[in-house]
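Biologist: I am new to this structure and should be grateful for a close look at a single part of it. Would you please take the contact between paired chains as the subject and explain the terms along the way?

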Number of protein chains: 4
Amino acid sequence: MTDARPANVKSESEDRKGRKGTRHARRLQLIESTIDSLAARGYAETTLADVAKGAGLSRGIVNFYFESKEKLLVATLQHMAEEYAAHWRSALAKASSDPADQLLALVRADFDPAICNRRKLAAWCAFWGEARSRPTYQAHCGSRDEAYQQLLERMCRDLADSGNYSIDPHSVAVALDALLEGLWLRLMMGSAKLSRDAAREAAISFLAASFPRHFPR
Amino acid sequence: MTDARPANVKSESEDRKGRKGTRHARRLQLIESTIDSLAARGYAETTLADVAKGAGLSRGIVNFYFESKEKLLVATLQHMAEEYAAHWRSALAKASSDPADQLLALVRADFDPAICNRRKLAAWCAFWGEARSRPTYQAHCGSRDEAYQQLLERMCRDLADSGNYSIDPHSVAVALDALLEGLWLRLMMGSAKLSRDAAREAAISFLAASFPRHFPR
Amino acid sequence: MTDARPANVKSESEDRKGRKGTRHARRLQLIESTIDSLAARGYAETTLADVAKGAGLSRGIVNFYFESKEKLLVATLQHMAEEYAAHWRSALAKASSDPADQLLALVRADFDPAICNRRKLAAWCAFWGEARSRPTYQAHCGSRDEAYQQLLERMCRDLADSGNYSIDPHSVAVALDALLEGLWLRLMMGSAKLSRDAAREAAISFLAASFPRHFPR
Amino acid sequence: MTDARPANVKSESEDRKGRKGTRHARRLQLIESTIDSLAARGYAETTLADVAKGAGLSRGIVNFYFESKEKLLVATLQHMAEEYAAHWRSALAKASSDPADQLLALVRADFDPAICNRRKLAAWCAFWGEARSRPTYQAHCGSRDEAYQQLLERMCRDLADSGNYSIDPHSVAVALDALLEGLWLRLMMGSAKLSRDAAREAAISFLAASFPRHFPR
DNA sequence: GATGAATGAGCCTTCATTCAT
DNA sequence: GATGAATGAAGGCTCATTCAT
């Protein structure tokens, strides 16, 4: 799995000053550096000094753009959640109106390198570990939020209805949701035992098992 | 979900200064307190002072029984991994020799309150978040280790062979493994949206979808 | 003996927050405070809190300018060694080209209050006590380093040659070197039994005994 | 230089119990172990755990035989001072009544391996480093105490009188005393640059220079 | 806006000392 | 007497945060 890192933020060093949109760019720059640090060092070892250094900025700057470390982390999580949601919504928009096609599009989107790469998965995982004890984080973890789950469930129900399956669409939706997250977790931890492609196939084979008449092997 | 906490160690406050089963018992006592703290505060906020206080002992005690915080955490993780493995092995031993029965036993064991409760799940998750950047942890995360995965795969193959399914047993095993972990993650994070029973049913419905002739609904 | 303490660094309290000659000046300020603490409390009882307090700064400052206590102490020792060497080199430069004159200059330099005062001697002694078990210290202890000893030896040889003495110049050099250090030790410990002047005279009387035709009484 | 360590105390493990003289033996055993630790680790790093372990005894024992760490260290220093004094007194008693002979005996005693070995020198040096800030130590450091110095001075005066030297006997005594201590310091620090024999010869050559008619080369 | 020196709270760790056994 | 578990104070160090420049 590649460690995809969008280089579209940090490298533009010439316009560090003189822009009006600086504020937003700076925040983004720091957020990306935060993700880097979370991926490299984990949550507990991530310090503001790391983040600032990674962004090529000075130490005090973080407290200027974000008021505290806590708020930087929340903003980072929020950024990731929004990016994730935008990604699957875009994938959905490109799919046909057929529920099976849409479901497949969602699953494929989940393993798109833009979303599913070591760096981001590691950052997600770092937040998961802390989410339990931090209500602020819980709101944005998991990435697959309420809307996503309801969407999954509606699609499963549509397929179940249209295909006369004797399954419980809710259970399938819950399982699919959990399966996707579980595969992410395995991808992140697994030292090469599981490829992104194999993970996607495992997810699709679950769809095939659940809705054999819609997802022919 | 209940916060199961074995009260067999800490509650005996009258012999806190007793010299009996000391070494091993004390270590266990501190490990349990560590799990408490991980569940309550998360990895990053867990301090030795918390652990000691939770065990009703003094600050210096941790470095007496474990040499460092790091070693305490590793021992805690190891303890949890061993407990988990012992649990599913025991469940497996009680099941019949029928692969379907055994698979069901494994899945049920995974959602047994003794193993699957908020406290322990939260502790697991705390370690997951740090495992990426700590090789020492990776060895013991995930709980479902190599042996477990191979067992799943063998059972899936047995069922696939005996049932003439047109599926890839490896993919199913991978998916089942990920599904279980994903359900755990959801259970831990879910603020009551998902019950342990619902999670188990979702897992079983996955088995039913994959091996319909072995797991009748 | 006076407790000479150069007041050129710390006393300027009004610009304590100044940014001027910062880095180097602050390091010097902390080093001087370290010497103070070593002299007052000894090596074992010198804490970073003492040093910081003595410098009128906060606790965290030492780890900011020096990375650790160890490095602060090494820097302190190095500073003292360099100061000592600069001092005798300067004294030597001011002397005539006559070996006897030069030798006398070296001895006198050794008991110059700028170098030989309770505060500095105590600091030296503190390091001597730890040098055995710390290789890092050994390099800079003794003050009278390799170069110094070879210089002494060359001078003794010059005098021995020019004066037809029947002595072993190496032995005399070794003895002189040890004598100077021993006198320092006595000065430091001696509760007023030995004055700096008496010590210098004792050293000179050694020269007179060794090279009677060069050092008339 | 050898690391002479009298094995007459610790090795008698069979009579650890059942003796009446235990108390004294135990204290000696702990004192010897303290010297070991001071020599190996230095003053600052010497802990009671080290001492106890070195003596093959349990941790709590030190506070039983000595009331505190401080008192153990004082007792150790006292022991060394007494041993040193007994040694030179014995050497003196064996010498003839000739002052020159006595002086030589004292110097030779100072470099006797029983007294002058790495282990003991290192222990002495450890105390020197702390003596300044600890009045309790100062009383016993230096080893060459008041009586010793007065003895040296009287001998120097005797020789000066009987030899018609134009020297100041007091200065010579002071110098000799310092020279001996300085040589010890060099022996302890020097990584083999100076042998015990060379040190003794340097001291004797000083006597020869000061009193040429009494100490022919 | 941006920097980085400075602060100080809090953590891990060490260790002298106590005390039940 | 002897042991070693247990305590708690204190030290070194890290790091989020502040603020003068």
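Modeller: The account below follows the contact between chain D and chain C, and then turns to chain A and chain B.

This is a predicted model, in which local features need pLDDT of at least 70 and side-chain atom pairs count only at pLDDT 80 or more, while totals for chains, interfaces and linings use all residues. Residues are numbered from 1 along each chain as its sequence is written, chains are lettered from A and ligands numbered from 1 in the order in which they are written, and side-chain values use heavy atoms, with hydrogens and water left out.

The relation between the two copies comes first. A turn of 179 degrees with a shift of 0.0 Å along the axis lays chain D on chain C with an RMSD of 0.1 Å; the superposition is by least squares on the C-alpha atoms of residues with pLDDT of at least 70 in both copies. Contact here means heavy atoms within 4.5 Å. Chain D brings 47 residues to the contact and chain C brings 48 residues. Because 100% of the interface residues of chain D are also interface residues in chain C, the copies meet through the same surface.

The extent of this contact can be expressed as an area. The size of an interface is often given as the accessible area lost when the parts come together. Buried area is the accessible area, taken with a 1.4 Å probe, that two parts lose on being put together, summed over both. For chain D and chain C this comes to about 3700 Å², with 59% of it on carbon and sulfur atoms. On the side of chain D, the residues that lose the most area to chain C are Arg132(D), Arg186(D) and Met189(D), together 19% of what that side buries.

Charged and polar pairs also cross this interface. A salt bridge is a side-chain nitrogen of Lys or Arg within 4 Å of a carboxyl oxygen of Asp or Glu. Between chain D and chain C there are 6 salt bridges. The side chain of Arg134(D) meets that of Glu45(C) in a salt bridge, at 2.7 Å from N to O. A polar contact is a pair of N or O atoms within 3.5 Å; within protein, one must be able to donate a hydrogen and the other to accept it, and residues adjacent in sequence count only if both atoms are side-chain atoms. By this rule, 14 residue pairs are in polar contact across the interface of chain D and chain C, both residues being at pLDDT 80 or more.

Several helices build the side of chain D that touches chain C. Helix 1 (22–41), helix 6 (118–131), helix 8 (146–163), helix 9 (169–189) and helix 10 (196–210) of chain D each supply at least two residues of it. Helices are DSSP runs (H or I, at least four residues), numbered from the N terminus. Helix 9 of chain D gives the largest share of that side, 13 residues.

The corresponding helices of chain C may now be considered. Helix 9 of chain C (residues 169–189) has 21 residues that should span 30 Å at 1.5 Å a residue, and its end C-alpha atoms are 30 Å apart, which agrees; the expected span is 1.5 Å times one less than the number of residues. Of its 21 residues, 20 are buried, where buried means under 20% relative accessible area (1.4 Å probe, protein chains only). Helix 10 of chain C (residues 196–210) has 15 residues and reaches 21 Å from its first C-alpha to its last, close to the expected 21 Å. Since 11 of these 15 residues are buried, helix 10 of chain C is largely enclosed by the rest of the structure. Among the buried ones are Arg196(C), Phe206(C) and Leu207(C). The cover over the buried residues of helix 10 of chain C includes helix 5 (99–110) and helix 9 of chain C, together with helix 9 and helix 10 of chain D.

Chain A and chain B form another contact. A rotation of 179 degrees with 0.1 Å of shift along its axis superposes chain A on chain B, with an RMSD of 0.1 Å. That is the relation of a two-fold axis. The contact takes 47 residues from chain A and 48 residues from chain B. About 3700 Å² is buried between chain A and chain B, and carbon and sulfur atoms give 58% of it. The count between chain A and chain B is 6 salt bridges, and the side chains of Arg186(B) and Glu181(A) meet in a salt bridge at 3.1 Å, N to O.

Conventions
Buried means under 20% relative accessible area, exposed over 50%, partly exposed in between (1.4 Å probe, protein chains only).
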